[in-house]
Every structure is written in C-alpha cells, then in structure tokens.
Amino acid sequence: MLSAEQNDLITRTGPGTPAGDLMRRYWQPAALVDELSGNRPVKPVRLFGEDLVIFKDEQGRYGLIGRRCPHRGTDLAYGRLEGGGLRCAFHGWLFDVHGKCLETPAEPDDSNLCANIRQKSYPVVEKSGILFAYLGPGEPPAFPHFDCFVAPASYTFAFKGMIDCNWLQSLEVGIDPVHTSFLHRFFHDEDPSQAYGKLFRDTSRDSDMPMSRIMREFTRPRIEVEPTEFGFRLVTLRQISEASTHVRVTNLMFPNAFIIPMSREMTITQWHVPIDDEKHYWYAIFTSFGTPVDKDEMRRQRLALYQLPDYIPNKNKSNDYGFDPHEQEHETYTGMGADINVHDQWACESMGTIQDRTSEHLGTSDKAISAYRKLLRQAIEQAGKGEKPIMVLDGARAARITGPAAVDGIGPADDWQGYWQKSEASKRRAASWTNGH
Ligand code: FES
Ligand SMILES: [Fe+2]
C-alpha cells in the first residue's frame, strides 16, 4: 500500500515531475516507422504530456518538434512538407528537423526575425521499426546492445496500441508472472501449428506441452527476482512433476520496458510510454531467433484488431471489451476473446485512470512489482541529486549489455538454473544473426 504522495511520485510524468524528469533521461518510443511511411510523413504526437509533431523531411531525416507554431500558435501537424522542413500553413514559416527557423516569408527581405526563433526539438533515431526520441537534457544515452536493437531488420517487427490509463499499470502487469495463469487462461489448447505470432499458444521448449496448459494447471509459481545491470531478471518456476520444472525467464529493462519469450523462436520487447498521465501506448519489437519474421502476416493479424490512425483497439471500454458470458464459461477466463492484449487492456484500464494504490494489498506473488517500485524510487532520487541512474549508458557500457535471456521451457527440477542457461545458449547458437553469442 502506498501513500497518495508516493503514488503520485511514481505515476506522474509530465514536464518537471520527478518521474517525468527521470524517464526523459532515456530514449523513448515516439512513433512507428510505419506511421511515417505514407505520402505525407507528418504526424502529431503527444509524449509525456507534451504536444509535438513528428515528420520526415525530403532528405529522409526525422524531426520531432513543438506542435504549436512559434509565430501565432497554429498547429504544425497541418503543415506543408517542403523546402527542407515543415512549413506552417498560416503564414509559411519554415522549420527544419532541428527546430531551426529557415524562413519567415511574410517578413521584409532584410528581417532577421528568423534568426531569433527556435522551435523546441528533440532528436529522433530509428531502431527496428520504432522511432525513438530523446526528451532529456544533454547527450542522450547509448542504446544497450539488446537483441531487439542488434537483430537485422528482417528478423524484427514493431507494432503499438493505445491503452486508456496510466503507463505504470501496464508495466506492472507486464512484470507480473502470475496473472498469465488466470487472466490469459484458455480452457482448450490450440493446435501449435496455428500459433504463429501468438503469445502463450505455442508449446513450451523441450516438451510437447502447450504453454496454455502449463499456465492453466500450475497457478502458484515460485518467483525469483535477480538484479541485473539493466534492471532485473525474473525467473518463474512451476513444478510440473517431481522430476521436471517449467522455467520462464523474463526481464525488466529499466525504466519502462520488459522482455519476454513469446514463442519458441520469438521474443517481445515491450515499452509502456505515457501519452500523458491518463493514457499511454504500448510499443513492441518482436525479435525472431528462427526464420525471418513474416512482417506482412504479423501486420495483417494486428491491423485487423486496431483502428488507425491512433491504434485504438477494436475491443475496448466502450464495448465492454467484447465480453461474452458464454465464452467466459466455456472458452476463456475473461470472456473477452483470444487476444491476450485485450485481457491485459481490460486489467489495466479497469483499475481506473490512475490506479489508487493507497487501497491495494500486495501479496508474495507481487514481489516483482514491489522490486520495480523500489528501483524506480531509487532512480528518481539519484536523478534528482544529479547522479547517473541505472541504464543511462555510455557506449562502452551499452556494448556489454546484451541478450537478455528469455526462455520458456521444461527442464530438470534439480537443475533449472543450468537448464535455462543451456536453453538460452542453444537458442542463440541456432539464430543465424547472433554469431553464436
Ligand atoms: S502562425 Fe505559423 S506562420 Fe504564422
Ligand atoms: Fe498479460
């Protein structure tokens, strides 16, 4: 249970808030590359409570600048992409990707008004289908050499979706290894050959047991939280029999992402990024250690479930997430269909816009959530004192942060540590792009 002040401290991320200042010290997903791939690559973006516009100029450079024109305050998201930047539709002022004013065409020829104008701008880089922005002070940190960032483009796919509540609720669901046994329970197992690109529908490694059956039948796992250089590793153990244990290794990448196994050959790296304190996007990079990803198929599967341009899920609060009592009795735990993102969405949103943590009661099985809040408070404190918090990396340090291990498999009960390490190593050896490491 937290006090109202403690809850505000870890949930509020607007400009000038302690958690907001901390989270601005890291690269954060701002848009999908897909969103800027059309004929007019300009899109309004709201990020950490700031209204911005992201665009790609004629040279293919990405820019993220303040949305309001510094002349008279109109909306640059309606601007014209021309002349080496984005031009305001009101009086033609032109801004480049760095927010530099290039032209004020209604001003006298000898005016130097332009030289004194600077629009707010943030650096943007593209990584594995996501445009990451840095909203913090000084030099941005280096990206860790995690699989999702170093895998070749043909082995990754990125997508996003809007969630109608505070970001922390979703992050805390993502590092909760127990809810899968309940919230995502399927009463029947699917043919794994039909499971491509779906979570918890494949068989677990080194067994023919579907993940869905393991989750359904073994509901009281033991959870180990192991601190790492990037946050922590979660090892979740479900004892299947005297001889064998199901081991699931997942990770918290500080500050607002987690990395989990999705199927035998794919992992998901997922961020929860505030639009503001009351809404956020999940962004995910799917990384394959097997064959190259079928991007068209993955995109097609997911686009059928979302409404563009804002990536709002078809099943949402306004239609009771498709809740069907008959289905809840016979098919799924929630009665909300087979898409686990819908289950998570319901769990997160139904806690309220910003969960009131003054009335919650955490149990033993919530230990990862407690560990995360502690880490977050520590980092907020360090950043507040001007120290470098965890994961604000220089190049040399970033190059040493690789992996991480993400395993779902069944191994010997008396050597589950050795088992997951060997499984991870063999997954890496099998992947053509890892060079065996
Ligand atoms: S308001 Fe943008 S150019 Fe005048
Ligand atoms: Fe979930």
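Author: Two strands pair if DSSP finds at least two bridges between them. Keep that in mind, and note that this model is predicted.

Reader: Which residue in β8 is the bridge partner of L94?
Author: Start with strand β7, residues 94–95. Two bridges join β7 to β8, and the two strands run antiparallel. That number meets the cut-off of at least two bridges for a pair. Within β8, L94 has as its bridge partner E103.

Reader: What is the order of the strands in the open sheet of four?
Author: The pairing in this open sheet is antiparallel. Four strands take part, in the order β5-β6-β7-β8.

Reader: Which strands stand at the edges of that sheet?
Author: Read the order β5-β6-β7-β8 from end to end. An edge strand here has a single partner, so one side of it is left without a neighbour in the sheet. The strands in that position are β5 (80–82) and β8 (101–103).

Reader: How many bridges join β18 to β19?
Author: Strand β18 covers residues 266–276 and runs antiparallel to β19. A hairpin through two residues links β18 to β19. One matched position is H272, which stands opposite W282. The number of bridges between β18 and β19 is 10.

Reader: Which residue of β19 does F157 stand opposite?
Author: Strand β13 also runs antiparallel to β19. Eight bridges join them. Opposite F157, in β19, stands F286.

Reader: How many of the 10 residues of β19 are buried?
Author: The cut-off for buried is 20 or more other C-beta atoms within 10 Å. Strand β19 spans residues 279–288, and it is largely enclosed by the rest of the structure because so many of its residues are buried. The count for β19 is nine of the 10.

Reader: At what angle do the axes of α4 and α8 cross?
Author: Two packed helices are described by the angle between their axes and the distance between the axes. Helix α4 has residues 167–174, and helix α8 has residues 340–350. Their axes come within 9 Å and cross at roughly 130 degrees.

Reader: Why is α4 called oblique to α8?
Author: Angles over 145 degrees count as roughly antiparallel, and 65 to 115 as roughly perpendicular. The α4 and α8 axes cross at roughly 130 degrees. That angle makes α4, with respect to α8, oblique.

Reader: Is the crossing of α4 and α8 left-handed or right-handed?
Author: Handedness is a separate property from the angle class, and it too is assigned for this pair. For α4 and α8 the crossing is right-handed.

Reader: Which residues in α8 do Q169, S170 and V173 meet?
Author: Q169, S170 and V173 belong to α4. Their partners in α8 are D344, A347 and C348. By class, this contact has three nonpolar, two polar and one charged residues. Once more, the α8 residues are D344, A347 and C348.

Reader: What covers the buried residues of α8?
Author: The buried residues of α8 include W346, A347 and C348. The cover over the buried residues includes β13 (156–163), α4 and β21.

Reader: How far apart in space are N166 and I354?
Author: N166 lies in the loop between β13 and α4. N166 counts as buried because it has 27 C-beta neighbours inside 10 Å. Its contacts beyond four places in sequence include T11, D277 and I354. N166 and I354 are 188 residues apart in sequence, yet C-alpha to C-alpha they are apart by 5.2 Å.

Reader: Is F48 buried or exposed?
Author: F48 lies in the loop between β2 (42–47) and β3 (50–56). Its phi is near 50 degrees, a positive value in a residue other than glycine. Most residues other than glycine have a negative phi. With 24 C-beta neighbours inside 10 Å, F48 counts as buried.

Reader: What is the phi of M391?
Author: M391 is found in the loop between α9 (367–384) and α10 (395–400). M391 is buried, with 20 other C-beta atoms within 10 Å. Although M391 is not a glycine, its phi is positive, at about 75 degrees.

Reader: What is omega for the cis peptide bond from L308 to P309?
Author: Most peptide bonds are trans. P309 sits in the loop between β20 (306–307) and β21 (312–313). The bond from L308 to P309 is cis, with omega near 5 degrees.

Reader: Where is P404 found?
Author: The peptide bond from G403 to P404 is cis, with omega near -10 degrees. P404 is in the loop between β22 (402–403) and β23 (407–412).

Note on methods
Residues numbered from 1 in each chain as written. Chains lettered and ligands numbered in written order. Predicted model: local features only at pLDDT ≥ 70, side-chain atom pairs only at ≥ 80, totals over all residues. Axes fitted to C-alpha atoms, helices over the stretch in contact; angles between N-to-C directions. Parallel < 35°, antiparallel > 145°, perpendicular 65-115°, else oblique. Left-handed = near helix turned anticlockwise from the far one by under 90°. Contact = placed C-beta atoms within 7 Å. Nonpolar A, V, L, I, M, F, W, Y, C, P; charged D, E, K, R; others polar. Buried ≥ 20, exposed ≤ 12 C-beta atoms within 10 Å, placed from the backbone.
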